[in-house]
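Q: I am new to this structure and would like a close look at one part of it, namely how charged side chains pair up along the helices. Please set that part in the frame of the whole chain, and explain each term as it comes up.

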Amino acid sequence: MHRSYQSILPTHNKFLQKRWDDTYYNEHRRKVRTAHSMVDTRAPPTYMHLHLKLKKLQLEEERLATIERDNRILLEKMSYIMRTKGRVENRNNYEYKSLNREKRQRELLRVTKENQSILTRITSREPEYSVQRWNTQWEDNQKFMDNIAQFPKDWWTAQQQENGRKRTGKSKEKSTVSKRAASSQSKSEVRKSPEPKVQKKEEVKEEEEGTKKEVQQEEE
């Protein structure tokens, strides 16, 4: 095997050179395997007293023991009360007595008197401002505003009322014209009929009176 070995460095003995290279390589691999890192990446050590917390467990057991003892005592008392009638006396003949009742009553009387005096002063006080004088000043101001205004007061409402009157007048005229046309047609029909003249005149008068009444009602 050593004869086929090709060394990197020139040598006069391949066998020895192969052995030396193998020993150097094995030493290198051993050093690589046993090399220690410069930075410690291991997990931190775990301490049992931080995870177990024996003191907390002891306190919890003591608390549960006290609760169990109190429950047992309460159960014994309840069972004794259920077996017998018990010895509980719930009567209380104590009468509540206030130590500062008179003082509070005097304070209440003092406050009520002060409130009454304030109320009398407020009611007897005359007003500083006169409503009548305000009304007269407002009327004077309105007159001044009407004098200096370009348009009369409430001119838009007057214009609206006038427009409404015109519309109603036109509608009345149309209704009167239609009624007159209807009355004229009825008169022509009456003339054509062979009834006596006296009866025609009475019907015409009745129609005219009816039309007048309708016109008056519309105007009202």
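A: The answer below begins with the chain as a whole, then turns to the charged pairs, and ends with some other side chains.

The model is a predicted one, in which local features need pLDDT of at least 70 and side-chain atom pairs count only at pLDDT 80 or more, while totals for chains, interfaces and linings use all residues. Residues are numbered from 1 along each chain as its sequence is written, and side-chain values use heavy atoms, with hydrogens and water left out.

The protein chain has seven helices and zero strands, these being DSSP runs numbered from the N terminus (helices are H or I with at least four residues, strands are E with at least two). Read from the N terminus on, the elements therefore run α-α-α-α-α-α-α. Of the 220 residues in the protein chain, 5% are buried, where buried means under 20% relative accessible area, exposed means over 50%, and partly exposed is in between (1.4 Å probe, protein chains only). The accessible surface of the protein chain comes to about 22,500 Å², and 55% of that surface belongs to carbon and sulfur atoms; such areas come from the Shrake-Rupley method with a 1.4 Å probe, and for residues only the protein chains shown count as cover. Among contacts (heavy atoms within 4.5 Å) in the protein chain between residues at least 6 apart in sequence, 27% join residues at least 24 apart.

Now to the charged pairs. Side chains of opposite charge can pair when their charged atoms come close. The structure holds eight salt bridges, each defined as a side-chain nitrogen of Lys or Arg within 4 Å of a carboxyl oxygen of Asp or Glu. One of them joins R63 to E60, with the closest N and O atoms 2.7 Å apart. These two residues both lie in helix α3, three residues apart, which is about one turn of the helix. R63 is partly exposed at a relative accessible area of 42%, and E60 is partly exposed as well, at 36%. Another salt bridge links D70 with R69, where the closest N and O atoms are 3.9 Å apart; D70 counts as partly exposed at 41% relative accessibility, and R69 counts as partly exposed at 41%.

A further salt bridge is formed by R125 and E128, whose closest N and O atoms are 2.5 Å apart. R125 counts as exposed at 57% relative accessibility, and E128 likewise counts as exposed, at 57%. Besides such pairs, salt bridges that share partners join E107, R110 and E114 into one network.

Helix α4 (residues 101-124) has 24 residues, which at 1.5 Å a residue should span 34 Å, and its end C-alpha atoms are 35 Å apart, which agrees; the expected span is 1.5 Å times one less than the number of residues. The number of buried residues among the 24 of α4 is zero, so this helix lies largely in the open.

Some other side chains complete the picture. In helix α1 (residues 14-33) is Q17, a residue that is buried with a relative accessible area of 11%. Leaving aside residues up to four places away in sequence, Q17 touches Y5, S7 and T11. F15 lies in helix α1 too, but F15 is partly exposed, with a relative accessible area of 38%. Together F15, L16, W20 and Y24 make a nonpolar surface patch of about 440 Å². Patches consist of residues with over 30% relative accessible area and no salt bridge, like charges being joined within 9 Å and nonpolar side chains (Val, Leu, Ile, Met, Phe, Trp, Tyr) within 5 Å.

A search of the whole structure finds one aromatic pair. Y129 and W134 form this pair, which is tilted, at 5.6 Å centre to centre and 35° between the planes. Rings of Phe, Tyr and Trp (its six-membered ring) pair if their centres lie within 6.5 Å, and planes under 30 degrees apart count as stacked, over 60 as edge-to-face and the rest as tilted. Y129 counts as exposed at 59% relative accessibility, whereas W134 is partly exposed at 45%.
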